[in-house]
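Visitor: Please give me a close look at the aromatic rings here and how they are arranged. Some account of the overall fold would help to place them.

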Amino acid sequence: GAIMTDAEGRYRFRTLRPAGYGSMFFRRPPHIHFKVLIRGRPVLTTQMYFADESGNSRDGILNGVDNAAARAALIVPFRPSPAIEPGSQSGRFDIVISAPA
């Protein structure tokens, strides 16, 4: 899907929780890919991981992020959100784009 941010840069989307994928030799835990497009800037591609997934500890891409704080920022806890819909969960994934140098 594609979404636009509001005037303050906020976004919201609704999706099904994805499944992991791969083979018995290379398995990826569930995650969501994001591509952020800003006119005149290179495309930012990132991924958001679910905090309760045991496979995160074995994911080569996630664990390839050397900075512990940056790696932790990619892992999102989800909480029950019955006000949105019974049985649903919500999480917050902040994507911060700094001003060009």
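Guide: Accessible areas here come from the Shrake-Rupley method with a 1.4 Å probe. On that basis the protein, which is a predicted model, exposes about 8,000 Å², and carbon and sulfur atoms supply 58% of this area. Of its 101 residues, 21% are buried. The C-alpha atoms fill a box of roughly 40 × 35 × 25 Å along the principal axes.

The fold comes before the rings. Two helices and seven strands are present, and along the sequence they follow the pattern β-β-β-β-α-α-β-β-β. Three of the strands form an open sheet with mixed pairing, in the order 3-4-5. Its edges are strand 3 (31-36) and strand 5 (75-76), each of which pairs on one side only. Strand 4 (residues 44-50) pairs with strand 5 in the parallel sense, over two bridges. In this part of the sheet, Y49 stands opposite I75 of strand 5. Among contacts between residues at least 6 apart in sequence, 33% join residues at least 24 apart.

Now the rings. The structure holds five aromatic pairs. One of them is Y11 with F13, whose ring centres lie 6.3 Å apart with 10° between the planes. Planes under 30 degrees apart count as stacked, and the pair of Y11 and F13 is stacked. Y11 has a relative accessible area of 26% and is partly exposed. F13, at 37% relative accessibility, also counts as partly exposed.

Y11 has a second partner, F34: the ring centres are 6.1 Å apart and the planes stand at 70°, so this pair is edge-to-face. Y11 lies in the segment before strand 1 (21-22) and F34 in strand 3, so their pair ties together parts that are 23 residues apart in sequence. Strand 3, where F34 sits, is one of the two edge strands of the open sheet. F34 counts as buried, at 11% relative accessibility, because the cut-off for buried is under 20%.

These rings belong to one aromatic cluster, made up of Y11, F13, F34 and F93. In this cluster, Y11 takes part in a stacked pair with F13 and in an edge-to-face pair with F34.

One further ring has a charged neighbour. R17 lies over the face of F50, at 4.2 Å from the ring centre. F50 is at the end of strand 4, which covers residues 44-50.

Technical notes. Residues are numbered from 1 along each chain as its sequence is written. This is a predicted model: local features need pLDDT of at least 70, side-chain atom pairs count only at pLDDT 80 or more; totals for chains, interfaces and linings use all residues. Side-chain values use heavy atoms; hydrogens and water are left out. Two strands pair if DSSP finds at least two bridges between them. Helices (H or I, at least four residues) and strands (E, at least two) are DSSP runs, numbered from the N terminus. Rings of Phe, Tyr and Trp (its six-membered ring) pair if their centres lie within 6.5 Å; planes under 30 degrees apart count as stacked, over 60 as edge-to-face and the rest as tilted. Buried means under 20% relative accessible area, exposed over 50%, partly exposed in between (1.4 Å probe, protein chains only). A charge sits over a ring if NZ of Lys or CZ of Arg is within 6 Å of the ring centre and within 35 degrees of the ring normal. Contact means heavy atoms within 4.5 Å.
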